[in-house]
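User: Could you take me on a close look at the largest cavity in this model, in plain words? Which residues line the largest cavity, and what else is there to see around the empty spaces?

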Amino acid sequence: MSIEGINNRKRLREVLETEKNIYLAKGSILEKILTQDVTLFIYRYVKLLRKTEYHHSLQGISHKFLYMLYRCRKNRLGIKLGIEIWDNTFDEGLTIYHAGNIVVNGMSRIGKNCKLHGSNCIGNNGKSLAAPVIGDNVRLGVGAKVIGDIHIADDITIAAGAVVIDSCDIKGAILAGVPARVVKK
(Lines give C-alpha, C1' and ligand atoms only; values in the text may rest on other atoms or scores of the structure.)
Protein backbone atom coordinates (compact mmCIF):
# COMPACT_ATOMS: atom_id res chain seq x y z
CA MET A 1 0.00 0.00 0.00
CA SER A 2 1.18 3.44 -0.87
CA ILE A 3 0.25 6.42 1.26
CA GLU A 4 -0.21 9.67 -0.60
CA GLY A 5 2.44 11.85 1.00
CA ILE A 6 2.13 15.48 1.95
CA ASN A 7 4.76 16.99 -0.31
CA ASN A 8 3.26 20.36 -1.20
CA ARG A 9 1.24 23.11 0.48
CA LYS A 10 -1.92 22.36 -1.46
CA ARG A 11 -1.94 18.74 -0.27
CA LEU A 12 -1.18 19.86 3.31
CA ARG A 13 -4.15 22.25 3.22
CA GLU A 14 -6.44 19.51 1.82
CA VAL A 15 -5.48 17.02 4.54
CA LEU A 16 -5.72 19.61 7.32
CA GLU A 17 -9.15 20.73 6.10
CA THR A 18 -10.41 17.13 5.97
CA GLU A 19 -9.21 16.45 9.50
CA LYS A 20 -10.38 19.81 10.86
CA ASN A 21 -13.89 18.89 9.71
CA ILE A 22 -13.62 15.58 11.57
CA TYR A 23 -12.49 16.99 14.91
CA LEU A 24 -14.21 20.36 15.02
CA ALA A 25 -17.55 19.39 13.48
CA LYS A 26 -19.50 19.28 16.73
CA GLY A 27 -19.60 22.34 18.97
CA SER A 28 -17.83 25.63 18.57
CA ILE A 29 -14.07 26.03 18.80
CA LEU A 30 -14.53 28.60 21.59
CA GLU A 31 -16.58 26.09 23.60
CA LYS A 32 -13.87 23.44 23.10
CA ILE A 33 -11.16 25.85 24.23
CA LEU A 34 -13.08 27.00 27.31
CA THR A 35 -13.96 23.46 28.38
CA GLN A 36 -10.51 22.06 27.54
CA ASP A 37 -12.18 19.42 25.35
CA VAL A 38 -9.76 16.54 24.64
CA THR A 39 -10.95 16.51 21.02
CA LEU A 40 -9.24 19.86 20.51
CA PHE A 41 -5.95 18.51 21.87
CA ILE A 42 -6.17 15.40 19.69
CA TYR A 43 -6.79 17.63 16.67
CA ARG A 44 -3.74 19.72 17.60
CA TYR A 45 -1.69 16.50 17.76
CA VAL A 46 -2.90 15.35 14.33
CA LYS A 47 -2.25 18.82 12.89
CA LEU A 48 1.34 18.73 14.23
CA LEU A 49 1.73 15.22 12.79
CA ARG A 50 0.70 16.48 9.34
CA LYS A 51 2.99 19.52 9.49
CA THR A 52 5.85 17.23 10.54
CA GLU A 53 5.16 15.00 7.54
CA TYR A 54 5.04 18.01 5.21
CA HIS A 55 8.39 19.45 6.29
CA HIS A 56 10.01 15.99 6.38
CA SER A 57 9.19 15.51 2.69
CA LEU A 58 10.91 18.73 1.56
CA GLN A 59 14.56 19.71 1.21
CA GLY A 60 16.31 22.76 2.59
CA ILE A 61 17.63 24.00 5.89
CA SER A 62 14.40 25.81 6.82
CA HIS A 63 12.33 22.65 6.25
CA LYS A 64 14.76 20.58 8.31
CA PHE A 65 14.50 23.10 11.15
CA LEU A 66 10.68 23.21 10.94
CA TYR A 67 10.54 19.40 10.76
CA MET A 68 12.48 19.16 14.03
CA LEU A 69 10.37 21.89 15.65
CA TYR A 70 7.01 20.34 14.71
CA ARG A 71 8.22 16.83 15.56
CA CYS A 72 9.33 18.00 19.01
CA ARG A 73 5.97 19.70 19.62
CA LYS A 74 4.07 16.64 18.37
CA ASN A 75 6.05 14.29 20.59
CA ARG A 76 5.65 16.52 23.65
CA LEU A 77 1.89 16.72 23.17
CA GLY A 78 1.81 13.00 22.37
CA ILE A 79 3.42 12.19 25.72
CA LYS A 80 0.68 14.17 27.49
CA LEU A 81 -2.09 12.51 25.46
CA GLY A 82 -0.58 9.01 25.45
CA ILE A 83 -0.29 8.90 21.66
CA GLU A 84 2.78 7.71 19.75
CA ILE A 85 2.42 7.86 15.96
CA TRP A 86 5.32 7.98 13.53
CA ASP A 87 5.36 10.21 10.46
CA ASN A 88 3.86 8.96 7.20
CA THR A 89 1.99 6.00 8.64
CA PHE A 90 -1.60 7.23 8.12
CA ASP A 91 -3.21 8.56 4.99
CA GLU A 92 -5.73 11.41 5.36
CA GLY A 93 -8.84 11.22 7.48
CA LEU A 94 -7.30 9.85 10.69
CA THR A 95 -9.84 9.94 13.51
CA ILE A 96 -8.80 9.34 17.12
CA TYR A 97 -11.82 9.24 19.42
CA HIS A 98 -10.06 8.87 22.77
CA ALA A 99 -6.54 9.77 23.85
CA GLY A 100 -4.41 7.36 25.82
CA ASN A 101 -2.25 4.39 25.03
CA ILE A 102 -2.16 4.58 21.23
CA VAL A 103 1.05 3.24 19.67
CA VAL A 104 1.66 2.96 15.92
CA ASN A 105 4.88 1.48 14.55
CA GLY A 106 6.71 3.63 12.01
CA MET A 107 6.84 0.73 9.53
CA SER A 108 3.02 0.43 9.48
CA ARG A 109 1.01 1.76 6.55
CA ILE A 110 -2.62 2.66 7.16
CA GLY A 111 -5.06 3.88 4.50
CA LYS A 112 -7.59 6.68 4.43
CA ASN A 113 -10.25 7.32 7.08
CA CYS A 114 -8.87 5.05 9.81
CA LYS A 115 -10.73 5.32 13.10
CA LEU A 116 -9.01 4.57 16.42
CA HIS A 117 -11.18 4.28 19.53
CA GLY A 118 -8.31 4.28 22.05
CA SER A 119 -5.86 1.86 23.67
CA ASN A 120 -4.82 0.64 20.22
CA CYS A 121 -1.53 -0.83 19.08
CA ILE A 122 -0.47 -1.28 15.45
CA GLY A 123 2.99 -2.77 15.42
CA ASN A 124 5.46 -5.55 14.80
CA ASN A 125 5.35 -8.92 16.53
CA GLY A 126 8.78 -8.68 18.18
CA LYS A 127 10.21 -11.38 15.90
CA SER A 128 10.73 -9.13 12.86
CA LEU A 129 10.53 -5.44 12.06
CA ALA A 130 7.67 -5.94 9.58
CA ALA A 131 4.47 -4.17 10.58
CA PRO A 132 0.83 -4.24 9.43
CA VAL A 133 -0.50 -2.80 6.19
CA ILE A 134 -4.09 -1.69 6.73
CA GLY A 135 -6.55 -0.62 4.03
CA ASP A 136 -8.97 2.30 3.84
CA ASN A 137 -11.95 2.87 6.14
CA VAL A 138 -10.79 0.50 8.88
CA ARG A 139 -12.16 0.93 12.42
CA LEU A 140 -10.29 -0.34 15.50
CA GLY A 141 -12.45 -0.69 18.61
CA VAL A 142 -11.24 0.14 22.11
CA GLY A 143 -8.24 -2.01 22.99
CA ALA A 144 -7.92 -3.57 19.53
CA LYS A 145 -4.42 -4.57 18.47
CA VAL A 146 -3.03 -5.37 15.00
CA ILE A 147 0.32 -7.13 15.25
CA GLY A 148 2.89 -8.46 12.78
CA ASP A 149 3.56 -8.65 9.05
CA ILE A 150 -0.11 -8.82 8.02
CA HIS A 151 -2.50 -7.18 5.58
CA ILE A 152 -5.98 -5.93 6.44
CA ALA A 153 -8.44 -5.22 3.60
CA ASP A 154 -10.61 -2.11 3.20
CA ASP A 155 -13.79 -1.43 5.22
CA ILE A 156 -12.95 -3.81 8.08
CA THR A 157 -14.13 -3.38 11.65
CA ILE A 158 -11.92 -4.78 14.39
CA ALA A 159 -13.94 -5.33 17.55
CA ALA A 160 -13.02 -3.99 20.97
CA GLY A 161 -10.27 -6.03 22.60
CA ALA A 162 -9.49 -8.06 19.47
CA VAL A 163 -5.91 -9.07 18.74
CA VAL A 164 -5.34 -9.47 15.00
CA ILE A 165 -2.29 -11.60 14.15
CA ASP A 166 -3.40 -12.98 10.77
CA SER A 167 -4.15 -11.21 7.50
CA CYS A 168 -7.75 -10.65 6.41
CA ASP A 169 -8.51 -10.00 2.75
CA ILE A 170 -12.30 -10.08 3.10
CA LYS A 171 -13.50 -6.55 2.38
CA GLY A 172 -16.08 -5.37 4.92
CA ALA A 173 -15.47 -8.18 7.44
CA ILE A 174 -15.78 -7.86 11.20
CA LEU A 175 -12.91 -9.34 13.22
CA ALA A 176 -13.26 -10.24 16.90
CA GLY A 177 -11.60 -12.35 19.56
CA VAL A 178 -8.13 -13.28 20.75
CA PRO A 179 -6.68 -14.19 18.35
CA ALA A 180 -9.12 -12.40 16.07
CA ARG A 181 -11.14 -14.27 13.48
CA VAL A 182 -13.85 -13.26 11.01
CA VAL A 183 -17.22 -13.24 12.78
CA LYS A 184 -19.22 -11.57 10.01
CA LYS A 185 -18.63 -11.05 6.29
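Analyst: Let's start with the walls. Ile3, Glu4, Gly5, Ile6, Arg11, Val15, Arg50, Glu53, Asn88, Phe90, Asp91 and Glu92 line the largest cavity. Helices H1 and H3 each give two or more residues to that lining. A cavity is a set of points on a 1 Å grid over the protein atoms alone where a 1.4 Å probe fits but can't get out, and a lining residue has an atom within 4 Å of a point. Helices are DSSP runs of H or I with at least four residues, strands are E runs of at least two, and both are numbered from the N terminus.

Before going on: this is a predicted model, so local features need pLDDT of at least 70 and side-chain atom pairs pLDDT 80 or more, while totals for chains, interfaces and linings use all residues. Residues count from 1 along each chain as written, and side-chain values use heavy atoms, without hydrogens or water.

How big is the largest cavity? Its volume is about 50 Å³, meaning the space filled by probe spheres set on points joined across faces, edges and corners. Searching the whole structure for cavities of 30 Å³ or more turns up one.

As for character, six residues of the cavity's lining are charged, four are nonpolar and two are polar. (Asp, Glu, Lys and Arg count as charged; Ala, Val, Leu, Ile, Met, Phe, Trp, Tyr, Cys and Pro as nonpolar; the others, Gly among them, as polar.)

Now zoom in on Arg50, one of the lining residues. Arg50 sits in helix H3. Is Arg50 buried or exposed? Arg50 is buried, with a relative accessible area of 1% (buried is under 20%, exposed over 50%, partly exposed in between, with a 1.4 Å probe and protein chains only). A polar atom of the Arg50 side chain lies 2.9 Å from the backbone oxygen of Asp91, and both Arg50 and Asp91 belong to the lining of the cavity.

Then there are the pockets, where the space is an open set with protein on both sides within 12 Å along at least five of seven lines. The largest pocket holds about 210 Å³. Ile22, Tyr23, Ala25, Lys26, Lys32, Thr39, Ile42, Thr95, Ile96, Tyr97 and His98 make up its lining. Helix H1 (9–23), helix H3 (38–56) and strand S2 (95–96) are the elements that give two or more residues here. So you meet H1 and H3 again, as they also give two or more residues to the cavity's lining. In the largest pocket the lining has six nonpolar, three polar and two charged residues.

The second largest pocket has a volume of about 170 Å³. It is lined by 15 residues, with Lys74, Asn75, Ile83, Glu84 and Ile85 closest to its centre. Helix H4 (61–81), strand S1 (83–85) and strand S3 (102–104) each supply at least two, and H4 gives the most, with five. By type, there are seven nonpolar, four polar and four charged residues in this lining.

One last link: S1 and S3 also belong to an open sheet of five strands, ordered S1-S3-S6-S9-S12 with parallel pairing. Its edge strands are S1 and S12 (163–164), each pairing on one side only. (Two strands pair if DSSP finds at least two bridges between them.)

Technical notes. Polar contact = N/O pair within 3.5 Å; in protein donor to acceptor, adjacent residues only side chain to side chain.
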